[in-house]
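Reader: I am new to this structure and would be grateful for a close look at a single part of it. Please take the enclosed space inside the protein, and then set it beside one of the contacts between chains.

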There are 4 protein chains.
Amino acid sequence: MIVTIKKEYDGKQMENLLEWIKTLGLSAHVSNGDNCTIVGLIGDTSKVDIDLLRSLDMVESVTRIQEPFKNANRKFHPQDTIVDVKGHKIGGGHFTVMAGPCSVETYEQVLSIAKDVKKSGAGLLRGGAFKPRTSPYAFQGLGEKGIEILKAVSDEVGLPFVTELMSEKYLDLFVEKVDVIQIGARNMQNFDLLKAVGKTDKPILLKRGLSSTMEEWLMSAEYVMSEGNDKV
Amino acid sequence: MIVTIKKEYDGKQMENLLEWIKTLGLSAHVSNGDNCTIVGLIGDTSKVDIDLLRSLDMVESVTRIQEPFKNANRKFHPQDTIVDVKGHKIGGGHFTVMAGPCSVETYEQVLSIAKDVKKSGAGLLRGGAFKPRTSPYAFQGLGEKGIEILKAVSDEVGLPFVTELMSEKYLDLFVEKVDVIQIGARNMQNFDLLKAVGKTDKPILLKRGLSSTMEEWLMSAEYVMSEGNDKV
Amino acid sequence: MIVTIKKEYDGKQMENLLEWIKTLGLSAHVSNGDNCTIVGLIGDTSKVDIDLLRSLDMVESVTRIQEPFKNANRKFHPQDTIVDVKGHKIGGGHFTVMAGPCSVETYEQVLSIAKDVKKSGAGLLRGGAFKPRTSPYAFQGLGEKGIEILKAVSDEVGLPFVTELMSEKYLDLFVEKVDVIQIGARNMQNFDLLKAVGKTDKPILLKRGLSSTMEEWLMSAEYVMSEGNDKV
Amino acid sequence: MIVTIKKEYDGKQMENLLEWIKTLGLSAHVSNGDNCTIVGLIGDTSKVDIDLLRSLDMVESVTRIQEPFKNANRKFHPQDTIVDVKGHKIGGGHFTVMAGPCSVETYEQVLSIAKDVKKSGAGLLRGGAFKPRTSPYAFQGLGEKGIEILKAVSDEVGLPFVTELMSEKYLDLFVEKVDVIQIGARNMQNFDLLKAVGKTDKPILLKRGLSSTMEEWLMSAEYVMSEGNDKV
């Protein structure tokens, strides 16, 4: 992490900054250039509060060199993550197709589609029971009843299934019945929901939010993983 | 609402479409052009499922002419919305400043700031007790304790306050203690949370989500309002 | 094209509007709803100035139903566009790879790459002689000398080539020596350049500008095509 | 500038890199961490080709600490830029309004507007003679005749004027007659045009391109300034 210091700064403040950096278990390297002074922070900077640093009077800007996420970082576990869903492996070169209807409507509808999905070689069934719709007047999904239908079809056809969780309220139901929990694009930064699913041991399918950066996405994965669930 | 039909279409399908439109309480006007046939839907189209229409084989595209929101629509209540927060009026030409610290840290900190906020003429105090932070390692706010501090300072100084709700889990606490509930940018499309606050009678401060369109924002307001709460 | 009229409007103005629509060779269909009056324009609306319509006092909004481009529109030539570059066909199911170095540096460099490109089965050579670089201090390309190198290698190896034109100033040179003219992302709305290449009979490779909509991109193709060059 | 080196790298390549950095007149500071090695480049890095650095096998990423622009950089001329247009000062706390019609249509139209503009206290007249329009079928402006009209009105009313240049082709005309040259949003990265106006001594009004970053905008100003024209 590189902290650029303003041209005119107070020596006492600099001492305090360097002292504080030391208390974080990091070492600092100061470099005096013509136009600015630069402080390099060396060590594990993933837990440094970058906003706090930026808010200091003497600081012009702060630039991360290393990523602010650790559990979701390849550097700390170079091997591929492989998630096992009832025998279907995801990741590590395994290619899994998850298919199914946008919305769960009826048992017959899902059953008929699930049979085709299985016949076509897909590894998981997917279907929406709780539907995030832009309009409150659009069909909102069957809710709990949709989960029952998915579970029944899943058992009958022998395909694990993934479906979206929109509220912590239904977490117990999902943990009991659902094989993979989807967090949708609109909830990618619903941090309470991320923490909640991070406390389960269910595989999490985390969709990228609209206009999110890759880093924000990985930070959302980090939210889940920092609670103990690394099946993201 | 304008439905553009593909060049080659089935007469029977068209009959079904027109029949279905009638069952929605709308009337249809068909216009045959050289390059396409157009069906105009006349009446209150705010509850028509546009995705369903678009998914029909014979339909090339669907264009809304009227807005898909009604409660949040000026056309249906041309007068300004005025929300009264313990005597402070918001909207309708009233100009209210809400000010306070990013994060609630201590009682003394908030009290000191609140006194300045009041002296400076602001109408509401604001402060974050639950903090939506991109990183799970950044300070997440004091939570419930932060709400207690805000409430105590609010009572002492005589300023109503606004603070962000991130999870339905704390809704009762907010309804009991908080004057204005903020829904933050990242939760603008957390529809379950929108519905939940729509069932309260608390004023809602709804922030616009990153990269959201105006229409998506108004649709989120519509979610709150469609549950009965029009103080958005 | 649908013109939505404001609730309160002047009858005389409406007459003038309908008169004006007629002079454009279009017919108008007026529909009076509860909340607004709608005028549908029927006929070839691609040349209607939508901004002018929008600027009228009585008009609330204007919505296009048909696309504002004609030459670039599938509806007016449903068959695929096939461009022939010295025997290599592009489009209509033909799959052509164009490959080569980012920047032309030396004859030897381009020759060596071009031989590999040909051996690998690509149909065209590409390489930058004029380079659009964000920084004025970055290498700006060899310019005219780069074109000479590309032409010489192209003749020797027997591969037609594509390269980017950044300024009308070099149009004659490009028409004489270059097989396919590339218009880069940053110049997608450099309308004078689009018109200039539209007057040649060279195939044009038009890149999509950053954050451009599909419609803006097609309108840029329309600029080229409206000058007579349909090899876009 | 911070160059992050991959975990496994070749000692010989590192020597070459450090040698090359020296030839650029910069000094290098190498720091070996647990997860990566970092090379800090100290000195004027504004002319370092960051893409070239990034393309090296051993380099994981390159991060700029200092801005890649120099002429457009406050750090190198902390005082405000003040541009004098026939006595009207722009910048440095001077507040200048430029007003006028979107399109120049007739002498009478512009004259009438210019008189109002002057009466209202604006310092410059603006009006479009060459119009960048998304559609080739929309009115493209009066072109050279529009410039004549603007010049005549400007002289008569005693207001300098600004108008948009879309092609180098008309540069001589603009230098002779126009007081301030506008580069529009769509041409913000038309680098040949930027260089061309950089060779004049005319004040340049540079609009920000759609979705451009601040840095890209400043780099476009740098294009103009690097040719000698600092009135941007």
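What volume does the largest cavity have?

Author: The model under discussion is a predicted one. In it, the largest cavity has a volume of about 300 Å³. A search of the whole structure finds 1 cavity of 30 Å³ or more. Its lining is made up of 19 residues, and those nearest the centre are Arg186(A), Leu210(A), Ala185(B), Arg186(B) and Leu210(B). By character, the lining of the largest cavity divides into 6 nonpolar, 9 polar and 4 charged residues.

The contact between chain A and chain D may be described in a similar way. Here, 17 residues of chain A are in contact with 16 residues of chain D. Between them the two chains bury about 1300 Å², with 59% of this area on carbon and sulfur atoms. On the side of chain A, the residues that lose the most area to chain D are Asn35(A), Ile65(A) and Lys75(A), which together account for 38% of what that side buries.

Lys75(A) also forms a salt bridge with Glu60(D), in which the closest N and O atoms are 3.1 Å apart. Across this interface 2 salt bridges are found, and 3 residue pairs are in polar contact between chain A and chain D. Several strands of chain A take part: strand E1 (2-5), strand E2 (27-32), strand E3 (37-42) and strand E4 (59-63) each supply at least two residues of the side that touches chain D. The residues on that side of chain A comprise 6 nonpolar, 6 polar and 5 charged.

Terms used. Residues numbered from 1 in each chain as written. Chains lettered and ligands numbered in written order. Predicted model: local features only at pLDDT ≥ 70, side-chain atom pairs only at ≥ 80, totals over all residues. Heavy atoms only, no water. Contact = heavy atoms within 4.5 Å. Buried area = accessible area lost by both parts, 1.4 Å probe. Salt bridge = Lys/Arg side-chain N within 4 Å of Asp/Glu carboxyl O. Polar contact = N/O pair within 3.5 Å; in protein donor to acceptor, adjacent residues only side chain to side chain. Helix = DSSP H or I, 4+ residues; strand = E, 2+ residues; numbered from the N terminus. Nonpolar A, V, L, I, M, F, W, Y, C, P; charged D, E, K, R; others polar. 1 Å grid on protein atoms, 1.4 Å probe; cavity = no way out; pocket = protein on both sides within 12 Å on 5 of 7 lines; lining within 4 Å. Points joined across faces, edges and corners; volume = space filled by probe spheres on them.
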